[in-house]
Amino acid sequence: MSVEDLVGLAVRRLLVVVAALAVVAVGGMLLAAQAVSRVTSEVTPAAEAHQEVLQDLTDLESAVGAWARSGDAAALEDYREAAARLPGHERDVADFAASEPDLQPLLASELEAGQRWLDQYADPRAAAPGGPETFDPARFALGQDLFSRYRAEHAVTARAFDDLTAQARTRAWWLVGATIAATLLLTALAGLVVTRARRDLRRDLSRPLQDLETVVQDMAAGRLEVRAGDAGTREVRAVAAALNELADAQARARAVEAHIHDELRELDTAREDFVSNVSHELRTPLTTISGYLEMVAEEFEDAMGPRHQRMLEATTRNVARLRLLIDDLLTLSRAEARSTSLEQGDVRLLLRDVLTDVAITAAGRDLRVEVEEPEDPLWVLMDRAMLARAFLNVIGNAVKFSRPGSVVTVAAGAHEAMVRVTVSDSGIGIPADEVDQLGGRFFRASNAVDNEIAGTGLGLRIVQTIVDKHGGDVRITSEEGRGTTVVVRLPERSARQGIGTPGPTLAQ
């Protein structure tokens, strides 16, 4: 079963229960509302109208009795008013009784008894003269008997109305209770459906995913022999199979990587040996050539013509360039070595030593070097010789490419746990389309080549390699004709970590 099927089944079950819950709740409430409405809008008004009929006849009985005793015309007026109200109340009761077959005969008998009292006693007595002298005991007894019969019939009908009211209220309460009970039952059923869906999801999705997570964590921890199981939905099983395939491929890749790493280590060692040997082998003949060139220059100082003098100067210049190239290759080879031992040191002191080394060159080019540094030490983990060479390359380039009479600024500081050394000049700059090529082996900017400024194209590569070894980075911004800014960032080491303590060995 897929995740979609699993979720779809759970949703369908829940929708069925929710729909049933809605139908029962709404239907039950509607039926209960109808029952309550019947009590309030039909049964109760009819029962009240039935009581009004009794009240009207009672008022008639009182009025006719008062007329008989006193002959007062006001009693006849009361009689007429009660007689006018009576038909309306009787009609209301009759309308209700039309839909109640059990009530119809009782109401008919009651109304007949009331009408008999009116016809045989009340109306004739109201039409006759009134006063004490008109009292007729037999007539009075007839009226009392007829009215008592009416009251008895009314009592029977009133009990029927009471029974109807009680039945309607009982039905309404029963419907409300049944609706509540059914709602609670369906709610419990919905909870059961949700619980079962949660159990199924946990069994088929959550637990297999947790197992996959555990497998991934084990693999990340280096335990490549673990494998995922085949439990869960179709998608989870597919992910598990893919993960197992990935683990198998990773195991094979690790084996290949280890083999390649061993070969690269051997090649790296061979390269270092080759560079060292070649550099050594080149140094000896170059030293000899340089010595002979100096001897020739001294011996034939005044005997050489301009042509031979230019040839000698060109040869001497290229020998010096080869020697510089060999030195840079050796430095780059040492910088790219696999491990570097670092110790804590103050960048300010290192910069002061480098600035001392470039002071003579800067003075010879009529340059002023301005230094900005904080009063507090700037501690970093460093290989002093290598980091000094990096700063010497950066500051030396700024001096070499600056115009005579300009200023080179060296600023050091700390920001966001990083020590920053910024070297800015207002020299020839670098063409915008060549900035991205900086740091490549033997790359030199085109304007530096055009201006015949000496260099090997390895200086910045050496800087980047050394700074990378120290866990930092190099950022360069430049504009042709306006100057270059180089920012070297190194991780700051707090003074609380100890001064002069050995640092770690960084492996590449």
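Here are some questions and answers about a predicted model, going through its helices, aromatic rings and surface.

Reader: Let's start with α3. What is its reach from first C-alpha to last?
Author: Helix α3 covers residues 104–127, which is 24 residues. At 1.5 Å a residue you'd expect 34 Å, and the model comes close to that. The reach is 32 Å.

Reader: Where does α3 bend?
Author: There's a bend of about 45° in this helix. The residue in question is also on the list of buried positions in α3, along with W117 and Y121. The bend sits at L118.

Reader: How many aromatic pairs turn up in the whole structure?
Author: A pair of aromatic rings is described by the distance of the centres and the angle of the planes. The search ran over the whole structure, and the number of pairs found is five.

Reader: Take F135 and F140: what is the angle between the planes?
Author: These two form an aromatic pair with 5.8 Å from centre to centre. The pair counts as tilted because its angle falls between the cut-offs of 30 and 60 degrees. That angle is 50°.

Reader: Is F140 buried, partly exposed or exposed?
Author: Buried would need under 20% relative accessible area, and exposed would need over 50%. F140 has 38% relative accessibility, so it counts as partly exposed.

Reader: Why are F147 and Y150 separated by about one helical turn?
Author: Both residues belong to helix α4, residues 137–220. Their rings make a tilted aromatic pair, 6.1 Å centre to centre with 45° between the planes. Both are buried, too. They are separated by about one turn because of their spacing in the helix: three residues apart.

Reader: Which residues form one aromatic cluster?
Author: Two of the members, W117 and Y121, are buried residues of α3. F147 and Y150, the tilted pair, are in it as well. So the cluster, by name, is W117, Y121, F147 and Y150.

Reader: On to the surface. Which residues form the nonpolar patch with about 210 Å² of accessible area together?
Author: One of them, V18, is found in helix α1, residues 3–70. At 41% relative accessibility V18 counts as partly exposed, so it clears the over 30% needed for a patch. The patch is made of L14, V18 and V194.

Reader: And α10: how many of its 11 residues are buried?
Author: Helix α10 runs over residues 459–469 and is mostly covered. Among the buried ones are G459, L460, I462 and K469. Just after the helix, G471 takes a positive phi of about 75°. As for the buried residues of α10, the count is eight.

Terms used. Residues numbered from 1 in each chain as written. Predicted model: local features only at pLDDT ≥ 70, side-chain atom pairs only at ≥ 80, totals over all residues. Heavy atoms only, no water. Helix = DSSP H or I, 4+ residues; strand = E, 2+ residues; numbered from the N terminus. Expected span 1.5 Å × (residues − 1). Bend = angle between axes of the 7 residues up to and from the residue. Buried < 20%, exposed > 50% of the residue type's maximum accessible area, 1.4 Å probe, protein only. Phe/Tyr/Trp six-rings, centres within 6.5 Å; stacked < 30°, edge-to-face > 60°. Patch = residues over 30% accessible without salt bridge, like charges linked within 9 Å, V, L, I, M, F, W, Y side chains within 5 Å. Areas by Shrake-Rupley, 256 points an atom, 1.4 Å probe, with all protein chains shown as cover. Salt bridge = Lys/Arg side-chain N within 4 Å of Asp/Glu carboxyl O.
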